[in-house]
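Could you walk me through this protein structure in plain words? I am new to reading models like this and would like to see how its parts fit together.

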Amino acid sequence: MKSYTITVNGNVYDVTVEEKAAGAAPATPVQKKAPVAPKAAPAPKKAAGTGNVKVTAGAAGKVFKLEAAVGQQVEKGAPIVVIEAMKMEIPVVAPEAGTVASIDVAVGDAVESGAVLATLN
């Protein structure tokens, strides 16, 4: 019997392995690796927009679709971005009429609640 310490996803396990009988193929030795530090979450994107009206996410999720483009005229309540959260599509709408000055996210980006998605003039 041989004892090993194994780390999986930051959890440490002590395991005991029974050796095979004589004539069996030898076991490959297990090398211990240093624990891997968890990856840091990406920093939230800074609003790159030039507009004075911010369009923010109402919920955390993933950007599913961009409904508007830079330079496009939008009415109050028009969808700008669609966020997917918990298998639901949530439209983020223009808080007032204006021209889209910037779209600060891309399809597939993870966003937090309150993050600036776009700006309007």
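**A walk through the strands**

Let's begin on the outside: I6, V8 and Y13 make a nonpolar surface patch of about 250 Å². Keep in mind that we are looking at a predicted model. Within that patch, V8 belongs to strand β1, which covers residues 2-8. V8 has a relative accessible area of 40%, and because buried means under 20% and exposed means over 50%, V8 counts as partly exposed.

Now step back to the whole protein. The secondary structure comes to 10 strands and zero helices, so reading from the N terminus on, you meet one β element after another: β-β-β-β-β-β-β-β-β-β. How do strands hold on to each other? Strands of a sheet pair through backbone hydrogen bonds, either parallel or antiparallel.

One open sheet has four strands in the order β7-β6-β4-β9, with antiparallel pairing. At its edges stand β7 (88-93) and β9 (110-111); each has a single partner strand, so one side of each is left without a neighbour in the sheet. Look closer at strand β6, residues 79-85: it pairs with β7 in the antiparallel sense over six bridges. There you can find V81 standing opposite V92 in β7.

Another open sheet also has four strands, this time in the order β3-β10-β8-β5, and here too the pairing is antiparallel. The edge strands are β3 (53-56) and β5 (73-74), and since each has a single partner strand, one side of each lacks a neighbour in the sheet. Strand β10 (residues 116-120) pairs with β8 in the antiparallel sense over three bridges. As an example, S102 has T119 in β10 as its bridge partner.

Let's stay with β8, residues 98-103, and pick out T99, which lies in this strand. Is T99 buried or partly exposed? Its relative accessible area is 22%, so T99 is partly exposed. Which residues does T99 touch, leaving aside its neighbours within four places in sequence? They are G71, Q72, Q73, T119, L120 and N121. T99 and A69 also show how a chain folds back: they are 30 residues apart in sequence, yet their C-alpha atoms are 9.4 Å apart in space.

What about the inside? The largest nonpolar core has 18 residues, and those that touch the most other members are V74, I80, I83, V111, L117 and L120. Strands β3, β6 and β10 are the elements that give two or more residues to this core. Take L117 as a guide: apart from its neighbours within four places in sequence, L117 is in contact with residues including V55, V81, I83, V92, I103 and V111.

Charges get a turn as well. Side chains of opposite charge can pair when their charged atoms come close. A search of the whole structure finds one salt bridge, and in a salt bridge the side chains of K65 and E67 meet at 3.6 Å, N to O. K65 is partly exposed, at 41% relative accessibility, and E67 is partly exposed too, at 33%.

To finish, here are some figures for the whole protein. Of its 121 residues, buried ones make up 24%. The accessible surface comes to about 8,900 Å², and 56% of this belongs to carbon and sulfur atoms. Finally, among contacts between residues at least 6 apart in sequence, 53% join residues at least 24 apart.

Notes. Residues numbered from 1 in each chain as written. Predicted model: local features only at pLDDT ≥ 70, side-chain atom pairs only at ≥ 80, totals over all residues. Heavy atoms only, no water. Patch = residues over 30% accessible without salt bridge, like charges linked within 9 Å, V, L, I, M, F, W, Y side chains within 5 Å. Areas by Shrake-Rupley, 256 points an atom, 1.4 Å probe, with all protein chains shown as cover. Salt bridge = Lys/Arg side-chain N within 4 Å of Asp/Glu carboxyl O. Buried < 20%, exposed > 50% of the residue type's maximum accessible area, 1.4 Å probe, protein only. Pairing = 2+ DSSP bridges. Contact = heavy atoms within 4.5 Å. Core = buried A, V, L, I, M, F, W, Y, C linked by side-chain atoms within 4.5 Å.
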